[in-house]
Amino acid sequence: MSFQPVKFYQTGTFTVGNRLLPPEERSVQSDSKRFNSINSGHRACQGCGEALGARYAIDAAMEAADGRIIAANATGCLEVFSTPYPETSWQIPWIHSLFGNTAAVATGIAAALKVKGKTGTRVVAQGGDGGTTDIGFGCLSGMFERNDDVLYICYDNGGYMNTGVQRSSATPAAARTSTTPAVGAEPGNVFGQGKFLPAIAMAHDIPYVATATVADLRDLEAKVTRAMEIRGARYIHILVPCPLGWGTASHDTIRMARLAKETGIFPVFEAEHGEIKSVLAIRRPLPVEDYLRPQKRYAHLFGKQPRIDVIAHLQAQADRNIRKYGLQARKGGH
Amino acid sequence: MDKPFAITLDPGSSLANHTGSWRTFRPEYLDRLPPCNATCPAGENIQGWLFHAESGDYEAAWRSLTENNPLPAIMGRVCYHPCEGACNRQHVDSSVGINSIERFLGDEAIKRNWQFMKPATQSGKKVLVVGAGPSGLAAAYHLARLGHAVEIQEAGPYAGGMMRFGIPKYRLPREVIEAEVQRIVNLGVTLKLDAKVSSIEESMQAGKFDAAFLAVGAHIGKRAYIPAGTAAKMVDAISVLRSMEGEDKPMLGRRVVVYGGGNTAIDVARTVKRMGAEPIIVYRRTRDKAPAHDFEIEEALQEGVMVKWLSTIKQAEEGEITIEKMALDDKGFPQPTGEFETLAADSVVLALGQDVDLGLLEGVPGLEVKNGTVQVGPNMMTGHPGIFAGGDMVPSERTVTVAVGHGKKAARHIDAWLKGTTYAPPPKHELAGIEKLNTWYYSEAPHVVRPMLDILRRQSSFDEVVQGLDESNALFEARRCLSCGNCFECDNCYGVCPDNAVIKLGPGKRFKFNFDYCKGCGVCVAECPCGAIKMVAEEN
């Protein structure tokens with residue numbers, strides 16, 4: 001397993017740091033001199049999961065590459081809130097071109113670095129689920145099949161949030177967005193549509209594919225570190241709850257990511273060359289209702305007449321994930 | 001300056017954008033009172049000393065512990081640890097074994113001969129402590145550390161009081177008492193044994209004492225009227241336990257009936273069992289109504305002590321007693337049923353509680369005695385100025401830990417009284433209940449169970465029943481502490497802030513918020529494992 005095994009130092013290694021852990025075993029985020037690749041003053045909403053996920057991921061990549069990272073960024077929340085002209089929150093070389101071409105831009109940077117012989121500098125591409133699963137998918141698939149030396153990180157918040165919460169192909173079934181309103185017999189996003197990009201990435205047989213959430217920092221850092229050890233196309237898909245689009249309290253961002261993982265809604269795993277190598281098992285199993293109920297985008301399931309059928313359908317999806325990826329809780333945690 | 005095409009502004013950092021202005025609520029660090037500390041009768045800062053033990057600094061842990069309680073090796077054996085009953089970890093898996101870690105620290109201190117720091121200056125005041133039980137020893141210790149000259153006058157031949165004459169060896173080995181008492185003597189406390197105070201006023205005048213603390217305990221066994229033949233052998237429990245300390249062991253015969261359901265009844269029965277006799281406890285109510293702690297009843301039953309629940313003794317004759325069956329009424333009180341039974345009994349030991357010998361207080365003006373106990377104010381002072389009292393002789397729960405707590409409390413008030421001031425305890429923090437914690441971050445860690453002596457040796461010897469932890473498992477157990485309500489520097493707030501608005505100040509210095517950028521989302525509060533941050537509304 002790639003993630004840090006749980007070591008018991010009062011809390012185990014679930015917390016960000018731990019005064020009792022030897023410094024070399026502490027997380028990147030616990031370091032008082034961490035890179036803060038995306039700095040304070042950005043205009044993300046209160047409790048933004050994407051701002052947090054981006055710092056977790058890029059700081060870990062910076063640590064793994066000795067601070068030599070160039071990032072290409074798709075259009076989306078992350079780009080908008082971090083770089084209102086002429087300000088930038090990024091403390092790394094960072095480029096934004098278009099919504100759909102991020103993977104191609106990153107490929108170009110990697111090719112240029114190769115020509116210049118600067119192979120010590122690594123390339124990261126990043127975008128939201130809209131820029132990745134919808135608009136940028138063609139370029140991304142090309143980057144995968146050519147096995148270009150780029151780590152592509154997708155921050156999945158399940159929709160186009162900064163433009164007013166429109167549906168993307170990563171929006172979960174039954175969720176209300178401004179383009180999938182909670183009306184009619186089948187309210188919210190329809191079942192049977194959308195795609196799970198990590199599985200598509202795996203189908204390209206690229207060297208490394210992983211999923212993570214902002215609720216498991218150690219796991220996320222270990223996956224980025226592992227990805228940076230590999231040359232070629234790599235893909236990490238990070239679930240980043242969105243208080244605005246999901247209709248959750250700003251303080252519940254990490255809790256929502258944890259619930260997504262613990263209910264089986266979002267499987268957390270890593271794969272090499274198309275084969276699953278490890279999964280993050282469920283620690284405290286919970287019904288999907290516990291994940292759905294705090295989110296206003298599912299409020300229509302819990303009205304005067306609860307949509308038990310829809311909740312059951314979502315539960316079946318979670319159960320399928322648990323079965324398919326082997327997420328069952330194990331004795332003694334991980 | 002020449003700029004590229006279409007560029008009119010220099011690049012700037014988002015640090016210019018003070019997002020703190022968005023905030024309507026702000027996070028604040030705070031300290032809450034952990035439930036263990038809140039319930040400790042001796043007022044120990046349990047979480048505080050566990051903090052040191054977690055990093056393996058046992059001496060610092062012991063020094064922190066003994067700030068409040070000078071008897072950790074004794075506590076680690078005889079305290080009924082209400083702290084563990086309150087511990088929030090029971091809602092995660094099981095309570096932290098605080099008592100077993102305390103014992104480990106106490107034993108470690110004895111093994112390594114750690115001594116107390118002497119006070120820097122002397123006050124020149126003299127305080128008489130009457131009685132060398134837990135309360136007297138604790139008061140003497142705290143008074144000595146505050147710089148007062150302390151003399152303990154003890155009526156008995158050994159120090160320890162009820163810890164020595166009421167608690168059997170298999171629960172508290174005598175060398176443990178000796179070691180912890182000696183350490184208090186080494187601090188400069190004068191201990192006079194076989195020195196019974198018959199009049200407190202005379203003793204104070206004779207020794208020119210400025211104040212006195214009375215802690216004579218409750219040593220007189222209560223009697224109950226039981227019709228008895230002239231040849232029936234009846235003794236009280238405390239004198240049985242006391243005689244175990246001398247050369248002449250009590251002669252009780254083979255079949256020994258112990259009358260009562262408290263901890264003393266259990267102690268006598270288990271003592272008698274170890275002497276080779278067959279004890280039978282007779283108690284008028286049921287097991288769940290018995291005042292003895294259930295684990296002690298369980299240990300006694302394991303060792304082969306017989307119990308007749310719902311029974312009273314009607315008649316005692318030579319060689320046998322008559323007991324009457326009882327039944328609990330609607331209110332839970334035992335009522336006679338008229339059903340009788342005879343039991344072979346060579347002797348009857350009455351374990352019906354103890355009274356205080358108040359002889360030394362005769363003629364002291366202002367003193368109030370009610371229900372056989374001395375009345376004291378909130379500052380532990382009796383109605384007579386300068387005479388304070390604590391332990392079993394004042395109205396309270398009668399345990400070693402409560403007594404130690406009385407000693408500490410009285411010492412603080414005596415110190416203030418001697419200086420002509422009053423002692424006001426600092427205000428308590430709000431309680432850190434389980435609802436304040438985010439237990440996700442605590443990994444599963446099962447409680448370390450203390451090993452027990454094997455049953456044959458428990459039935460036949462006075463060897464200590466409950467064994468101690470060793471270094472490795474004491475460390476593990478200490479690290480099970482959740483640090484409820486007080487920051488233990490896990491870096492969670494620092495890590496989870498989406499706005500880098502938490503500043504890490506370095507080891508031991510905790511964190512602070514950068515309110516220029518904190519948007520007030522509250523993620524740090526939600527993800528703080530121990531509940532050491534709260535949200536408060538911003539003014540205007």
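## A hairpin in chain A

Let us start with a small feature: β8(A) and β9(A) form a hairpin with 2 residues between them. In its turn, H273(A) has a positive phi of about 50 degrees. Please keep in mind that this is a predicted model.

The two arms of the hairpin are strand β8 (residues 269-272) and strand β9 (residues 275-279) of chain A, joined in the antiparallel sense by 4 bridges. Across from A271(A), you will find I276(A) in β9(A).

## Where chain A meets chain B

Moving on to the two chains together, 43 residues of chain A are in contact with 46 residues of chain B. On the chain A side, at least two residues each come from α1 (49-64), β2 (87-88) and α9 (253-263). The most is given by α9(A), with 4 residues. Sorted by class, the side of chain A that touches chain B has 24 polar, 13 nonpolar and 6 charged residues.

Strand pairing also links the chains: β2(A) and strand β1 (residues 12-13) of chain B run in the parallel sense and share 2 bridges. Here T88(A) is placed opposite S13(B) in β1(B).

## The domains of chain B

Chain B is split into four parts, some of them built from two segments of the chain. Domain 1 covers 17-31 + 487-537, and domain 2 covers 35-115 + 444-478. Domain 3 takes in 126-220 + 355-418, while domain 4 is 226-352.

How far apart are the C-alpha centres of domain 2 and domain 4 of chain B? The distance is 32 Å. These two domains of chain B do touch, with 8 residues of domain 2 in contact with 7 residues of domain 4. On the domain 2 side of that contact in chain B, the residues are 4 nonpolar, 3 polar and 1 charged.

## Two sheets in chain B

One open sheet of chain B has 5 strands, in the order β8-β15-β9-β10-β11, with parallel pairing. Why do β8 (234-236) and β11 (306-308) of chain B each have one side without a neighbour in the sheet? Both stand at the edges with a single partner strand, so one side of each is left free of a neighbour there. Direction ignored, neighbouring strands of this sheet are turned by 25 degrees against each other on average.

At one of these edges, strand β10 (residues 278-282) of chain B and β11(B) pair in the parallel sense over 3 bridges, and M306(B) in β11(B) is the bridge partner of I280(B). Helix α12 (residues 263-274) of chain B lies across β9 (255-259), β10 and β15 (347-350) of the chain. Relative to β10(B), helix α12 of chain B runs at about 165 degrees.

A second open sheet has 3 strands, ordered β12-β13-β14 (chain B), and its pairing is antiparallel. Its edges are β12 (311-317) and β14 (334-345) of chain B; each has a single partner strand, so one side of each has no neighbour in the sheet. Neighbouring strands here are turned by 25 degrees on average against each other, direction ignored. Between β12(B) and strand β13 (residues 319-328) of chain B there are 6 bridges in the antiparallel sense. One of the bridge pairs brings together E317(B) and E320(B), the latter in β13(B).

## Helix pairs in chain B

Helix α7 (residues 134-145) and helix α14 (residues 400-418) of chain B pack with their axes 7 Å apart, at an angle of about 35 degrees. The crossing of α7(B) past α14(B) is right-handed. Residues of α7(B) in this contact include P134(B), L137(B), H142(B) and L143(B), and among those of α14(B) are V400(B), H406(B), K408(B), I414(B) and D415(B). By class, the contact of α7(B) with α14(B) has 11 nonpolar, 5 polar and 2 charged residues.

The other pair is helix α6 (residues 98-112) and helix α16 (residues 471-478) of chain B, whose axes lie 10 Å apart at an angle of about 135 degrees. That angle makes α6(B) oblique to α16(B). Their crossing, α6(B) with α16(B), is left-handed. From α6(B), S100(B), I101(B) and F104(B) make the contact, and from α16(B), A474(B), E477(B) and A478(B). The residues of this contact between α6(B) and α16(B) divide into 4 nonpolar, 1 polar and 1 charged.

Methods:
Residues are numbered from 1 along each chain as its sequence is written. Chains are lettered from A and ligands numbered from 1 in the order in which they are written. This is a predicted model: local features need pLDDT of at least 70, side-chain atom pairs count only at pLDDT 80 or more; totals for chains, interfaces and linings use all residues. Domain bounds come from an automatic or database domain assignment. Ala, Val, Leu, Ile, Met, Phe, Trp, Tyr, Cys and Pro count as nonpolar, Asp, Glu, Lys and Arg as charged, and the others, Gly among them, as polar. Axes are lines fitted to C-alpha atoms, for helices over the stretch in contact, and angles run from 0 to 180 degrees between N-to-C directions. A crossing is left-handed if the near helix is turned anticlockwise from the far one by less than a right angle, and right-handed if clockwise. Two strands pair if DSSP finds at least two bridges between them. Angles under 35 degrees count as roughly parallel, over 145 as roughly antiparallel, 65 to 115 as roughly perpendicular and the rest as oblique.
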